[in-house]
Amino acid sequence: MPARLQVTPSVGEPFELIIGNTATIGRTSDNTICLHGSPLVSRQHAVLRCHDGYRYQLIDLGSRNGTFVDDQRVVMPTTLSEGARIRIAHNELRFEQIEEDFSTAQLEPTVAGSIDSTAAAIRSVALLVCDIRGFSTMAEKIPSSDLAQHLGVWFREAGNLVHKNGGIVDKFIGDALLAYWGGCESDGADCAATLRIARELLALAATVKWSDGQPFRVGVALHYGVVTCGNVGLDAQRDATIIGDAVNTVFRLESLMKELDRQILFSADFREHLATSENFIDLGERRLKGKQKPVRVYGLA
């Protein structure tokens with residue numbers, strides 16, 4: 001389902017924009033919504049993403065001056081309700097969901113194509129979930145403005161790392177990121193590349209500290225399996241929504257990763273698609289919630 005934004009910029013005339021699956025907001029012209037007249041707006045300020053074909057979330061990308069929904073600062077990804085008021089610096093955006101024929105709507109040039117809820121494909125992909133460790137504890141210790149900026153910067157940098165290396169960020173859930181390799185137009189998936197990016201995410205996190213000086217830690221779960229890919233918009237950015245048992249499994253692995261205190265954990269299905277002779281640690285078969293058969297899991301030596 002597309003959405004409409006009624007934009008009242010700080011400089012210039014109000015305008016209306018219909019968005020598809022994803023819309024970026026920022027000061028530069030490469031954004032879907034360009035607020036060029038506002039120096040207080042960051043180059044990459046925020047992003048709107050549609051989940052499940054109808055729910056839109058707003059994510060601040062670590063902006064210094066913040067993003068506000070109905071006068072509340074966005075810290076975690078925030079689901080927008082009908083009529084929600086988004087404030088960025090002195091610009092206001094009003095969110096509305098619409099049910100009109102998307103193919104006949106006037107689209108901003110960076111948005112390609114149309115939404116086709118029936119366009120779906122079954123593909124095998126490599127999945128990655130990256131979760132921030134100790135986030136709830138830090139949320140109680142540091143100011144919400146610092147928390148919002150740290151989380152937003154991490155989402156931005158981690159997302160850029162995934163995109164630069166051929167992956168697709170499917171969604172942000174709380175303090176976790178779900179990405180996949182293989183896409184909806186390919187039968188293959190490069191698990192070796194996915195494992196490499198998992199390591200790079202750990203290395204990226206090691207360069208970050210919370211505002212109180214505590215280390216910024218993440219964990220990464222990896223799985224390989226079959227998903228249903230629904231292409232729901234923004235073909236230019238290869239955005240799609242994936243669903244299926246493999247998605248549930250990688251999130252169950254993420255929970256097990258915390259229990260086993262591993263920084264990287266992956267399934268036997270993922271391990272089977274690695275050509276490397278690297279020495280991995282066999283952590284045995286484990287019961288995952290919601291699955292009848294145990295899953296063999298591995299860690300890094």
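Student: In this predicted model, which residue of S4 stands opposite Gly26?
Tutor: Strand S3 covers residues 22-26 and is joined to S4 by 2 bridges, the two strands running parallel. Opposite Gly26, in S4, stands Cys34.

Student: What is the strand order of the open sheet that holds S3 and S4?
Tutor: This sheet has 5 strands and mixed pairing. Strand S4 (33-34) and strand S9 (78-79) are its edge strands, each pairing on one side only. Read across, the order is S4-S3-S5-S6-S9.

Student: Which residue of S11 is the bridge partner of Val7?
Tutor: Strand S1 (residues 3-8) and strand S11 (residues 91-97) pair in the antiparallel sense over 6 bridges. In S11, Val7 is matched with Leu93.

Student: Which residue takes a positive phi in the hairpin of S1 and S2?
Tutor: S1 and strand S2 (residues 15-19) run antiparallel and are joined by 5 bridges; Arg4 has Ile18 as its partner in S2. Between the strands of this hairpin lie 6 residues. The one with a positive phi, near 100°, is Gly12.

Student: Is strand S13 largely enclosed or largely open, and how many of its 6 residues are buried?
Tutor: Strand S13 spans residues 168-173. It is largely enclosed by the rest of the structure, because the number of buried residues among its 6 is 5.

Student: What is the phi of Gly174, in the turn between S13 and S14?
Tutor: S13 runs antiparallel to strand S14 (residues 176-181), with 5 bridges between them. Ile173 has Ala176 as its bridge partner in S14. The hairpin leaves 2 residues between the strands, and Gly174 in the turn has a positive phi of about 60°.

Student: Is Lys171 buried or exposed, and which side chain does its own side chain meet in a polar contact?
Tutor: Lys171 is found in strand S13. With a relative accessible area of 11%, Lys171 is buried. Setting aside neighbours within four places in sequence, Lys171 is in contact with Arg49, His51, Ala176, Leu177, Leu178 and Ile242. Its side-chain polar contact, at 2.3 Å, is with Asp170.

Student: Is Arg64 buried or exposed, and how far apart in space are the C-alpha atoms of Arg64 and Asp146?
Tutor: Arg64 is found in the loop between strand S6 (55-60) and strand S7 (68-69), and counts as exposed because its relative accessibility is 66%. Beyond neighbours within four places in sequence, Arg64 is in contact with Ser42, Arg73 and Gln149. Arg64 and Asp146 are 82 residues apart in sequence, and their C-alpha separation is 9.2 Å.

Student: What is the distance between the end C-alpha atoms of helix H2?
Tutor: H2 (residues 144-164) has 21 residues, so at 1.5 Å a residue it should span 30 Å. Its buried residues include Leu147, Leu151, Trp154 and Phe155. The end-to-end distance agrees with the expected span, at 30 Å.

Student: What does helix H3 reach from its first C-alpha to its last?
Tutor: H3 (residues 191-206) has 16 residues, with 22 Å expected at 1.5 Å a residue. Among its buried residues are Cys191, Thr194 and Leu195. The reach is close to the expected value, at 23 Å.

Student: How many residues are in the largest nonpolar core?
Tutor: Nonpolar side chains tend to be buried together in soluble globular proteins. Here, Leu128, Trp154, Leu222, Ile264, Phe266 and Phe270 touch the most other members of the largest core. A second, separate core of 24 residues includes Val7, Cys50, Ile86 and Ile88. For the largest core, the count is 43.

Student: Which residue of S19 stands opposite Leu265?
Tutor: Both faces of strand S17 (residues 264-267) are covered, with Ile264 and Phe266 buried on one side and Leu265 and Ser267 buried on the other. S17 pairs in the antiparallel sense with strand S19 (residues 295-300) over 3 bridges. Opposite Leu265, in S19, stands Gly299.

Student: Which element has the lowest mean pLDDT?
Tutor: The chain has a mean pLDDT of 85, and 86% of its residues reach 70 or more. Over residues 102-118 the pLDDT is below 50, although the model gives this stretch 33 contacts beyond near neighbours in sequence. Among the elements, strand S10 (residues 85-88) has the highest mean, 98, and the lowest, 79, belongs to strand S16.

Note on methods. Residues numbered from 1 in each chain as written. Predicted model: local features only at pLDDT ≥ 70, side-chain atom pairs only at ≥ 80, totals over all residues. Heavy atoms only, no water. Pairing = 2+ DSSP bridges. Helix = DSSP H or I, 4+ residues; strand = E, 2+ residues; numbered from the N terminus. Buried < 20%, exposed > 50% of the residue type's maximum accessible area, 1.4 Å probe, protein only. Contact = heavy atoms within 4.5 Å. Expected span 1.5 Å × (residues − 1). Polar contact = N/O pair within 3.5 Å; in protein donor to acceptor, adjacent residues only side chain to side chain. Core = buried A, V, L, I, M, F, W, Y, C linked by side-chain atoms within 4.5 Å. pLDDT = per-residue confidence, 0-100.
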